[in-house]
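User: Could you take a close look at one loop residue of your choice, and then walk me outward from there to the rest of the fold? I would enjoy one connected account rather than a list.

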Amino acid sequence: MVDYRKEGLVAIFEVNNPPVNSLSKNVRQGFVDGLSKATNDPEVKAVIIIGKGRTFIAGANIKDFGKPMEELMSSSPSLIDIGNMLEESEKPIICAIHGAGLGGGLELCLFSHYRLAVKSARVGFPEVNLGILPAAAGTQRLPRLVDITVAMDIISSGRHVAAPEALKYGILDQIVEGDLLKESIKFAHSVIGKPLEPRRLRNLACKSILYCISVIHQFCLKSVRNAADLSYEAGLMMENTYFKYLITGFQSFALRYSFFAERTARKWQLPSGANAANTKPLNVQTTGIIGAGTMGTGIAVSLLRAGYPVILVEQNQEFLDKGVDMIRNILKDGVSRRLMTEDRMKQCLKALKASVDLKHLANVDLVIEAVYENISLKQEIFKKLDYICKPSALLCSNTSSIDIDMNVYGKETSAETVATIMDFGKKIGKVSILVKSCHLFVANRMHGCFQTEAKFILEEGALPDEVDRILEDFGMPMGPFKVSDLAGIDISCRIQHEVAKQHDIELTLQTRFFRGERYSSLSNRLYELGRLGRKTGKGWYRYEKPGGKNAIPDNDIKDVIRIHCKELGIEQRQISTQEILERCLYSAINEGFKIIEEGVVDKPEDIDVIWWYGFGFPRYMGGPMFYASQTGLKKVYDRVCYYHKNFPYSSHWVPSDLLRRLSTAPNPVPITQWKTVLHSKL
Ligand SMILES: CCCCCCCCCCCCC/C=C/C(=O)SCCNC(=O)CCNC(=O)[C@H](O)C(C)(C)COP(=O)(O)OP(=O)(O)OC[C@H]1O[C@@H](n2cnc3c(N)ncnc32)[C@H](O)[C@@H]1OP(=O)(O)O
């Protein structure tokens, strides 16, 4: 709703729709009612629109976009109706922005005559992140206010623009210090009686279009271009046409799912009933990291950037010095790429202490162990930390394969610790997902199936660049073989040999089965040939030089695969695009269902978020679990069964029971309800 009150000559519309003042129907109606009152009250000479609570207006209510098109379009009053009323008002309308003025919230501001904001406010058009364009005249009005290249950047990037930058472009008229409402009332008095015609954006011509021709290739850009080429009314009509087209498409649907999935994933809960809402995080002020390798130094940089002091500990002075150099270089690189200032870099380096003695961690609030994957080494370190650290210190381990209960969130982890780590993750700019302990955890466990199938597919007849192209066309930023070249083929080979050693097994180029499972020794063959990936200039591809970035398909790799298959008697065949996609994706998806079934994650959304951030899975596809829900679980299940029959020696094809039960439900179960099936009789 919109609360209406008067302060002298000024009417105040206070938008009151927690949590973020989205423009639901009652809010839109509130504007109409408020405007009618203000217009008919001769005492009122100006109007201020302000938001109650944490923010100004976060835009349209995204949930409304799931409604049928007819209902959406006929939902009255529309934002444009309200905008027109604001623009035509003979009394100046002033928007007073704090928090965020996004999407429809910014569009409302652009219909108003003046825009003020506090310094910490942000404005922007994040619609592209929802697969739509700013369709309440945003694409037509912003280019009438700011340079067209700026308008295109803001609309097509979806980024939040900080108030000082928005002031520079002219989106804001003033940044207000002190009390926003009081200052806005003062401002309102200063503009009462001034002509409003020059403040009505629809009357202004769009700025030059010189620079935009080459980048106008998306709907947003087409629409901004229309602002320059067509009349305001015609541009508006096209904007609406594009909006209707986009909002009914799969990508917008998936992106809206992604918006809510990310927020759902933040809401962790434990079987004890403790959850994100009822558990208070502890205050972490000082941190320590053990291990100055790639992981340890990477984590140190994140903590330093977020403003935490770090004590970096390594057992050997030479490794420690190398680690500190690595941190310095990453920070310097940030300065050269203008991600941070020189002063900020100096502050970060000042906050870094390095030591070869664990005892220096005695007073820190949180320790992250990031040594290499060796269970006895990790156990020994934690034993020492138990004596050294203060009792309230949080002891964390960075591991991708070791069972945390031996050494993430283990059985003994308290709710307070979980709350603190989730909160800490957010503070260092990461998205944290709570998972239980399981072999390889969620990301590596699922991605392992994906990578393994990709390798089997090579043995059966496809080439690395073919598999990569198909997955990149699907939307993955890099195919599995480019990823493997980037990570280093030696790394995965060493891990495999290490695991085999633990089982007293020696892996050779002839090994075809490992612990009852189909195994491919193809990467070991590359390893023996010194083809370790980008770093040696050759791997699954060749590169222009060692360390090069351009992956060039290499004929030699065809021979390597051919010889490998001949020696092992593996028959090669033509493999279809569909099979390549299905085997990589469905094997991972089937594993994802098992992960839900085992309670390793609380909900499918958690898995999807992990895949966007961990592997760059395209958000406009929603994530692997959402993709499965849209493909149809019956189809996914049938294909999993088909591959299981054909590849009985790969346990990742054993169909998940949860997938089977969901696939046989009489009506498709929405992804948000999958969990309920776990405990039902389906
Ligand atoms: C008026 C439209 C209908 C009329 C039909 C006419 C059709 C034709 C023309 C249509 C024109 C429409 C033009 C307008 C389009 C838009 O405005 S699209 C929306 C654009 N805005 C956004 O994308 C902003 C989204 N929100 C955020 O980025 C953040 O929430 C925030 C504002 C920066 C605040 O962040 P933070 O403090 O971290 O809080 P969160 O945890 O993210 O959010 C809190 C809860 O609020 C829910 N929420 C947030 N924004 C919206 C929203 N716009 N709609 C619905 N719900 C929203 C969020 O899910 C959280 O909920 P809980 O998880 O339940 O707590």
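Analyst:
**A loop residue and its surroundings**

Setting aside the neighbours within four places in sequence, Ile552 is in contact with Tyr541, Arg542 and Tyr543. Please keep in mind as we go that this is a predicted model. Ile552 belongs to the loop that links α21 (522–528) with α22 (555–568). Is Ile552 buried or exposed? Its C-beta atom has 11 C-beta neighbours inside 10 Å, and because a residue with 12 or fewer is classed as exposed, Ile552 falls in that class. If we look along the chain to Leu585, 33 residues apart from Ile552, the C-alpha atoms of these two residues are separated by 25 Å.

Now let us step back to the whole protein. Of its 682 residues, 41% count as buried. The secondary structure comprises 28 helices and 16 strands. Its C-alpha atoms fill a box of roughly 90 × 60 × 55 Å along the principal axes. The radius of gyration is 29 Å, which agrees with the value near 26 Å for a compact globule of 682 residues.

Among the strands, one sheet makes a good next stop. Strands of a sheet pair through backbone hydrogen bonds, and they can do so in a parallel or an antiparallel sense. Here three strands form an open sheet, ordered β5-β7-β8, with mixed pairing. β5 (100–102) and β8 (161–162) are the edge strands, each pairing on one side only. β7 (residues 122–124) is joined to β8 by two bridges in the antiparallel sense. Within this pairing, Arg122 has Ala162 of β8 as its bridge partner. Helix α4 (residues 104–111) lies across β5 and β7, and its direction makes an angle of about 85° with β5.

Strand β5 also takes us to the ligand. Together with α2 (69–73) and α11 (250–266), β5 is one of the elements that each supply at least two residues of the shell around the ligand. Which residues of that shell come nearest to the ligand? Of the 29 residues around the ligand, they are Ala58, Gly59, Ala60, Gly103 and Gly104. Gly104, one of these nearest residues, is also where helix α4 begins, given its span of residues 104–111. By class, the shell holds 17 nonpolar, eight polar and four charged residues.

To draw the threads together: we began at Ile552, an exposed residue in the loop between α21 and α22, and passed through the β5-β7-β8 sheet to the ligand shell, to which β5 contributes at least two residues.

Definitions and conventions: Residues numbered from 1 in each chain as written. Predicted model: local features only at pLDDT ≥ 70, side-chain atom pairs only at ≥ 80, totals over all residues. Helix = DSSP H or I, 4+ residues; strand = E, 2+ residues; numbered from the N terminus. Rg over C-alpha atoms; globule rule 2.2 N^0.38 Å. Buried ≥ 20, exposed ≤ 12 C-beta atoms within 10 Å, placed from the backbone. Pairing = 2+ DSSP bridges. Contact = placed C-beta atoms within 7 Å. Axes fitted to C-alpha atoms, helices over the stretch in contact; angles between N-to-C directions. Near = placed C-beta within 6 Å. Nonpolar A, V, L, I, M, F, W, Y, C, P; charged D, E, K, R; others polar.
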